[in-house]
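Visitor: I've got a model open and I'd like to learn how to read it. Could you walk me through it?

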Amino acid sequence: MRRAFELALRWPHTHPNPRVGSVVVNSSGEVIGEGWHRGPGTPHGEAEALSHAGESARGATVYVSLEPCSHHGRTPPCADALIAAGVARVVAATVDPDPNVSGRGIQKLRDAGIEVEVGILEGEARQVDPAYFHHRETAMPLVTIKWAMTLDGSVAAADGTSQWVTGEEARADAHRVRSTVDAVVVGAGTVREDDPLLDVRLDDFAGSQPRPVIIAGRTPLPDHARIWDRDPIVVSAADRDIPRGQLLEVPGDEYLPDPVATCRSLADLGLLHLLLEGGPSVARAWWDAGVVSDGLVYVGARVGGGTGRSPLAGAFPTITAATDVEFGGMRSVGEDVVISFARKN
């Protein structure tokens, strides 16, 4: 099963479909087929593994990281493919939370006389594609907030300068995080001040680039920012002209689109995992709206020694206003550290 997980993660850019890996094993315990999903319209992990196994799949056991689908989408149901291949047993890590599947694939296999076992390493299976599970269970995308700050808590100096709070290794690590998400979200202020590309810049990266998303308020966007070359999505509470890209109009006020409506609209576009990179005003609005699920904090090995810019704009009035989080871990990245956390319910 863990091999199926490894295969599922070979191509993380499958959304809105789930990441799925599959392994076919014959009665002698020999692996005779492996497969993984590569996105909408391509074969699912089970179908690809069965194609590699060929006729040898008859009587075999198939391990799959997620319940085989039972409905017709862009490709035929995987449950039908398993039945047609004549497999004897299917071991699925977990039930698919999608209402279109959710036990139907398992029942279809059992009705065809195939032995089915479910719930093997279920916790690990959810971590293969947490954004998919989060979306299917909440109808919202998984939002990961990320910021880099000095040891004393500033993401930028008082004059707005922030390059660079962390070292090269930490910045490369942040690009690896970008390589696993569907979209990178920033506010219009970040576009004006930093002129970012919001792309993945790693020498060994060959995957799909995350979609850049700009949260636009009342202030006009610059006409000649580099981001326009990347076909961004501009989210606005009102109609506006943009040089290039896609305008997504959602409810809100004149200053900021509603975070919940924004997230739902982005999920409707198939963007299930959003990396929120700021700035502080957007970060605060999304945090207060409760749409942020987890986060990464890169702490640079330097002290600002004064009042700089906070990761989240606004006042911290009293200790009871703080939000409890659960630390996931801390690791060294070059001279800096990165701390992961999850927001407590």
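**Reading the core**

Guide: Let's begin with the nonpolar core. This is a predicted model, and of the 32 residues in its largest nonpolar core, Trp147, Val213, Leu274, Leu276, Trp286 and Val292 touch the most other members.

Visitor: Which elements each supply at least two residues of this core?

Guide: They are strands E6 (142-149), E7, E8, E9 (233-236), E11 and E12 (294-299), together with helices H9 and H10 (280-289). H10 gives the most, with five residues.

Visitor: What does tryptophan 147 touch, if I skip its neighbours within four places in sequence?

Guide: Look for Val155, Leu296, Val297, Tyr298, Pro311, Leu312 and Phe341 around tryptophan 147. There is also another core, apart from the largest one, with 23 residues, including Ala57, Ala79, Ala92 and Ile114.

Visitor: How do I read a strand such as E7: is it enclosed or open?

Guide: Check burial, where the cut-off is under 20% relative accessible area. Five of the five residues of E7 (residues 183-187) are buried, so the strand is largely enclosed by the rest of the structure. Ala183, Val185 and Gly187 point one way, Val184 and Val186 point the other way, and all are buried.

Visitor: Which strands does E7 pair with?

Guide: One partner is E8 (residues 211-215), which runs parallel to E7 and is joined to it by five bridges. In that pairing, alanine 183 stands opposite arginine 211. To get from E7 to E8, the chain passes through helix H8 (residues 188-194), and this β-α-β crossover is right-handed. Another partner is E11 (residues 273-276), also parallel, over three bridges. There, valine 185 has leucine 276 as its bridge partner.

Visitor: Now a helix. What should I keep in mind?

Guide: An α-helix has 3.6 residues a turn, so residues three or four places apart point the same way. For the case here, take H9 (residues 259-268): seven of its 10 residues are buried, so this helix is largely enclosed by the rest of the structure. The buried ones are Pro259, Ala261, Thr262, Cys263, Ser265, Leu266 and Ala267.

Visitor: What happens at the ends of H9?

Guide: At the N-terminal end, aspartate 258 acts as a cap, with a side-chain oxygen 3.2 Å from the backbone nitrogen of valine 260. Just after H9, glycine 270 takes a positive phi of about 90 degrees.

Visitor: Is threonine 262 buried or exposed?

Guide: Threonine 262 is buried, at a relative accessible area of 0%. Not counting residues up to four places away in sequence, it touches Ile215, Val235, Val250, Pro257 and Trp286.

Visitor: And how would I read a loop residue, say asparagine 26?

Guide: Place it, then list its contacts. Asparagine 26 sits in the loop between strands E1 (21-25) and E2 (31-36). Its side chain reaches the backbone nitrogen of serine 28 at 3.0 Å. Beyond four places in sequence, asparagine 26 touches Ile32 and Ala60. For a sense of scale, asparagine 26 and isoleucine 319 are 59 Å apart in space, C-alpha to C-alpha.

Visitor: How do I sum up the whole chain?

Guide: Count the elements and then check the overall dimensions. The chain has 10 helices and 14 strands. Its radius of gyration is 22 Å, close to the 20 Å that the globule rule gives for 345 residues, so the chain is as compact as a globular protein of that length. The C-alpha trace spans about 70 × 45 × 45 Å along its principal axes. Buried residues make up 49% of the 345 residues.

Notes: Residues are numbered from 1 along each chain as its sequence is written. This is a predicted model: local features need pLDDT of at least 70, side-chain atom pairs count only at pLDDT 80 or more; totals for chains, interfaces and linings use all residues. Side-chain values use heavy atoms; hydrogens and water are left out. Buried means under 20% relative accessible area, exposed over 50%, partly exposed in between (1.4 Å probe, protein chains only). Helices (H or I, at least four residues) and strands (E, at least two) are DSSP runs, numbered from the N terminus. Two strands pair if DSSP finds at least two bridges between them. A crossover is right-handed if, with the strands pointing away from the viewer, the path from the first strand over the helix to the second runs clockwise. A polar contact is a pair of N or O atoms within 3.5 Å; within protein, one must be able to donate a hydrogen and the other to accept it, and residues adjacent in sequence count only if both atoms are side-chain atoms. A nonpolar core is a set of buried Ala, Val, Leu, Ile, Met, Phe, Trp, Tyr and Cys residues joined through side-chain atoms within 4.5 Å. Contact means heavy atoms within 4.5 Å. The radius of gyration is taken over C-alpha atoms; the globule rule is 2.2 Å times the number of residues to the power 0.38.
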